[in-house]
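Take a look at the protein model below. Let's walk through it together, piece by piece.

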Amino acid sequence: MLLYTLVTIALLAGARSLTTTADAVAEAPNYLRQRHQSYEKISPKVVIVSMFTPEAEVWYENSRNSSIGDLLANNISVPGLSPLFPYVHCNEQGEVCQLTMGEAEINAATSMAALVFSDLFNLTKTYFLLAGIAGVNPKLSTLGGVALSKYSVQVALQYEIDAREMPDNFSTGYLPYGAYAPDDYPSIIYGTEVFELNEDLRDVAAELAQQAELVDSADSADYRARYVTDSGMYAAATADPSVVRCDSATSDVYYSGTLLSEAFENTTKLWTNQSTITYCMSAQEDSAVLNVLMRATAWGLVDFSRAIAMRTGAK
């Protein structure tokens with residue numbers, strides 16, 4: 001939580017928008033009710049994006065004791081949000097807001113689209129912090145480790161052959177669209193395969209986040225010890241939690257195992273034109289959210305360069 005707060009405070013310092021008003025605010029205090037009467041929009045400096053309840057509750061429980069303040073001070077109903085999470089929550093001044101989208105790609109895309117195309121908000125100078133848990137690649141990080149990504153890759157956007165029936169010369173049953181082998185570059189492009197975030201912003205956030213003390217536990221340490229090997233392949237998995245810069249894989253399928261992990265390592269490396277393994281976190285929502293932000297940027301509604309994707313290894 002300390003890390004989340006540190007990154008958010010840093011973004012607040014860099015944001016320039018100071019307009020904090022509401023249009024259709026539920027039970028808003030006088031400050032926002034006065035702005036509601038003038039029909040001005042809420043202009044948050046930062047929107048924190050959570051995927052499901054446990055990720056959101058961390059913010060609600062801890063924000064009151066930080067410079068953010070109470071994130072439940074204002075609860076704004078937005079048409080099109082998940083029926084389970086129908087409100088955007090904002091602090092007293094409307095400078096920091098939080099949205100819970102619902103899990104998986106469809107829920108994430110629908111909820112984010114509802115927010116950015118709503119006429120209740122001015123998000124043109126807002127920073128978006130995607131902050132959630134993820135599966136972690138033990139070659140690059142560990143339980144409790146925090147990753148800030150340059151790329152989000154929709155790794156499951158491929159053909160899949162049952163691995164029990166794949167050709168003998170295939171290393172995986174996944175192969176790109178229009179390709180004839182797993183290591184071929186796709187010849188059929190959908191346009192959502194890879195999203196590249198603002199590397200400069202990512203690096204600033206990572207440097208600030210490294211000043212935070214990450215929470216650890218004895219149970220996590222015991223589990224990490226299972227990854228000790230003679231080869232040292234999983235040295236990162238046995239280390240204490242730290243902040244790393246590596247990439248996120250988006251898939252609605254929860255997958256496990258060396259072969260699938262290595263398949264998506266190679267997919268990420270191939271599609272991002274990199275020479276080393278950079279895939280370290282797997283999640284369901286990042287690419288879906290980023291696609292919405294990219295399209296909204298084309299209409300001048302948000303600034304894609306103000307998005308940060310942060311994931312914490314949970315399994």
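What follows is a tour of a pocket, a web of charged side chains, a surface patch and a few backbone spots.

This is a predicted model, in which local features need pLDDT of at least 70 and side-chain atom pairs count only at pLDDT 80 or more, while totals for chains, interfaces and linings use all residues. Residues are numbered from 1 along each chain as its sequence is written, and side-chain values use heavy atoms, with hydrogens and water left out.

## The pocket

Rolling a probe the size of a water molecule over the atoms shows where empty space is left. How much space lies in the largest pocket? About 790 Å³. Of the 37 residues lining this pocket, G135, V136, Y255, S282 and K315 are the closest to its centre. Here a pocket is an open set of points on a 1 Å grid over the protein atoms alone, where a 1.4 Å probe fits, with protein on both sides within 12 Å along at least five of seven lines; lining residues have an atom within 4 Å of a point. The volume is the space filled by probe spheres set on the points, which are joined across faces, edges and corners.

Which helices and strands each supply at least two residues of that lining? They are β5 (127-136), α6 (218-224), α8 (258-271) and β13 (279-283). Those labels follow DSSP runs, numbered from the N terminus: helices are H or I with at least four residues, strands are E with at least two.

As for chemistry, the lining divides into 17 nonpolar, 11 polar and nine charged residues. In this count, Ala, Val, Leu, Ile, Met, Phe, Trp, Tyr, Cys and Pro are nonpolar, Asp, Glu, Lys and Arg are charged, and the others, Gly among them, are polar.

## A web of charges

Side chains of opposite charge can pair when their charged atoms come close. A search of the whole structure finds 15 salt bridges, each one a side-chain nitrogen of Lys or Arg within 4 Å of a carboxyl oxygen of Asp or Glu. Here are three of them:

| Salt bridge | Distance, N to O |
|---|---|
| K150 and E199 | 3.2 Å |
| E199 and R202 | 3.6 Å |
| R245 and D203 | 3.1 Å |

Start with K150 and E199, whose side chains meet in a salt bridge. This pair links distant parts of the chain, 49 residues apart: K150 sits in the loop between β6 (146-148) and β7 (151-153), and E199 belongs to helix α5 (residues 199-209). K150 counts as buried at 16% relative accessibility, whereas E199 is partly exposed at 33%. For these words, buried means under 20% relative accessible area, exposed over 50%, and partly exposed in between (1.4 Å probe, protein chains only).

E199 also pairs with R202. Because these two are three residues apart in helix α5, about one helical turn separates them. R202 is buried, with just 8% relative accessibility.

Then there's R245 with D203. R245 lies in strand β11 (residues 243-245) and D203 in helix α5, so this pair ties together parts that are 42 residues apart in sequence. R245 is partly exposed at 38%, while D203 is buried at 19%. Put together, salt bridges that share partners join K150, E196, E199, R202, D203 and R245 into one network.

## A nonpolar patch

Over on the surface, Y159, I188 and Y190 make a nonpolar patch of about 310 Å². Members of such a patch have over 30% relative accessible area and no salt bridge, with nonpolar side chains (Val, Leu, Ile, Met, Phe, Trp, Tyr) joined within 5 Å. Y159 lies in strand β8 (residues 158-160), and is partly exposed at 35%.

## Backbone oddities

Most residues other than glycine have a negative phi, and most peptide bonds are trans. A104, though not a glycine, has a positive phi of about 85°. Its place is the loop between β4 (96-100) and α4 (105-116), and A104 is buried at 19%. N273 isn't a glycine either, and has a positive phi of about 55°. N273 is found in the loop between α8 and β13. Is N273 buried or exposed? It's exposed, with a relative accessible area of 63%.

## Neighbours in space

Y151, in strand β7, is buried at 10%. Y151 and Y279 are 128 residues apart in sequence, but 8.8 Å apart in space, C-alpha to C-alpha.

Technical notes:
Patch = residues over 30% accessible without salt bridge, like charges linked within 9 Å, V, L, I, M, F, W, Y side chains within 5 Å. Areas by Shrake-Rupley, 256 points an atom, 1.4 Å probe, with all protein chains shown as cover.
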